[in-house]
Structures are given as structure tokens and as C-alpha cells.
Amino acid sequence: MDPDDPAERDAVLGELLQLQRELESSAIPGALQPMLELQLTVQQLKVLAIVVTETRGGSIQSLARTVGVSLATMSGIVDRLASQAMIERSADSNDQRVRRVVATERGRETVQHLLAARPELGLPLLSRLSLDDLHALVQGVRALMNAVREGVA
């Protein structure tokens, strides 16, 4: 096995990507369950996801532009998310006329819970792997995390 053989590397990467697709497909029902339990519309979920990623929060105008809806529609979406304690409005520190929409802890936890819903990586399935396979998986995930960290730095 030549670590620098491009053909072998392409073959292994191809197999890995195929296995990843199969694993993700088999996990769809379990991954969807947390989403189905939410009392949020798709547009509300989109807005919440956007707001969670905004460090300063977003204005209703910018959210409306991003999602592609009218100001009135966005105001309604924001009202419903606020009534569920997923977001809150606060005054902009630079312009008191502008209201910032920021995620609450509950909103952040909701999005995190949805993103973490990966049953294919859960303890029930992992506990069925051999110790050798677990060590190999830990090595692979550690290598992925190192690559992510290097890419961020």
C-alpha cells in the first residue's frame, strides 16, 4: 500500500464517501424525529438558524431580505418565535430605532439539538463495534478533527 498512490487514494476516498451516504440514508428517520417534534414551521426554523449564527443578531429587515419574504411576514415569524422564547428583540447599541433579533438560550439549544441528532453515531450503535473498530474510528475522527482545526486556523 503506497500512501502516495493517487489512484488508491481516490478509490479509498470514493468508498468512504459511498459509505457515508449509506450511513446518512439509513439514519434519516432518527435524524428527522427531533425536527418533527418541534412546533416550528420551516420558515421559522430557517430564521432561527440564521439568528443563531449571527453574533450581533439580525434586524427584521436583514432577515426578511435573507429569507426572501416581506417585512410583514418576517415580523410575524419573529413574533411567533419570540412567543416560544426562541428569540428576543433588543435595541441596537448604535441605533436605538433598530431592533436586533437574537437567539435565546432555548433557541440555541433547539438548533444544537437538531444538528446533534445523529443516531448513526449514538452509543447503542457504537457499543456494537469491536474494540479494534472503535480504536480505528477514534483514530479517524481524531484525524478529521485535526484537519478541521488546521482548516480553521
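# Reading a predicted chain

User: In which helix is the place of L45?
Analyst: In this predicted model, L45 sits in helix α2, which covers residues 42-53.

User: Why is L45 called buried?
Analyst: The word buried is reserved for residues under 20% relative accessible area. L45 has a relative accessible area of 18%, and because this value is under the cut-off, L45 counts as buried.

User: Which residues is L45 in contact with, leaving aside its neighbours within four places in sequence?
Analyst: With those neighbours left aside, L45 is in contact with M35, L38, L40 and L114. For one of them, M35, there is also a C-alpha separation: the two residues are 10 residues apart along the chain, and their C-alpha atoms are separated by 9.3 Å. That does not contradict the contact, because a contact is judged on heavy atoms within 4.5 Å.

User: What makes Q44 buried?
Analyst: Q44, which also lies in helix α2, has a relative accessible area of 4%. Set against the limit of under 20%, that value places Q44 among the buried residues, so the label follows directly from the number. Leaving aside its neighbours within four places in sequence, Q44 is in contact with Q39, I77, R80, L81 and Q84.

User: How do you know that L48 is buried?
Analyst: L48 is another residue of helix α2, and its relative accessible area is 0%. Since the class of buried residues takes everything under 20%, L48 is therefore buried. Beyond its neighbours within four places in sequence, L48 is in contact with L40, L81, M86, I87, G107, T110 and V111. A C-alpha separation is also available for L48 and V101, which are 53 residues apart along the chain: it is 9.7 Å.

User: Where is the place of T104, and why is T104 called buried?
Analyst: T104 is found in the loop between β3 (99-103) and α5 (105-115). The relative accessible area of T104 is 13%, and because that is under 20%, the residue is classed as buried. Leaving aside its neighbours within four places in sequence, T104 is in contact with A85, M86, I87 and E88.

User: Does A85 count as exposed, buried or partly exposed, and what makes it so?
Analyst: A85, which belongs to the loop between α4 (71-83) and β2, has a relative accessibility of 36%. Buried would require a value under 20% and exposed a value over 50%, so 36% leaves A85 in between, as partly exposed. A85 also has a positive phi of about 60 degrees, although it is not a glycine.

User: In what order do the three strands form the open sheet?
Analyst: The order in the open sheet is β1-β3-β2, and the pairing is antiparallel. Strands β1 and β2 are called edge strands because each pairs on one side only.

User: How do you know that β3 pairs with β1 and with β2?
Analyst: Two strands are said to pair if there are at least two bridges between them. Two bridges join β1 (residues 58-59) to β3, and so this pair satisfies the requirement of at least two. Five bridges join β2 (residues 87-91) to β3, and so the requirement is satisfied here as well. Among the bridge partners, G58 is matched with V101 in β3, while S90 is matched with R100 in β3.

User: Why is β3 largely enclosed by the rest of the structure?
Analyst: Four of the five residues of β3 are buried, so the strand is largely enclosed by the rest of the structure.

User: How many helices and strands has the protein chain, and why is the chain more spread out than a compact globule?
Analyst: The protein chain has seven helices and three strands, which follow one another from the N terminus as α-α-β-α-α-β-β-α-α-α. The radius of gyration is 21 Å, whereas the globule rule gives 15 Å for 153 residues, and because 21 Å is well over that value, the chain is more spread out than a compact globule. The C-alpha atoms fill a box of roughly 65 × 35 × 25 Å along the principal axes. Buried residues make up 24% of the 153 residues.

Methods: Residues numbered from 1 in each chain as written. Predicted model: local features only at pLDDT ≥ 70, side-chain atom pairs only at ≥ 80, totals over all residues. Heavy atoms only, no water. Rg over C-alpha atoms; globule rule 2.2 N^0.38 Å. Buried < 20%, exposed > 50% of the residue type's maximum accessible area, 1.4 Å probe, protein only.
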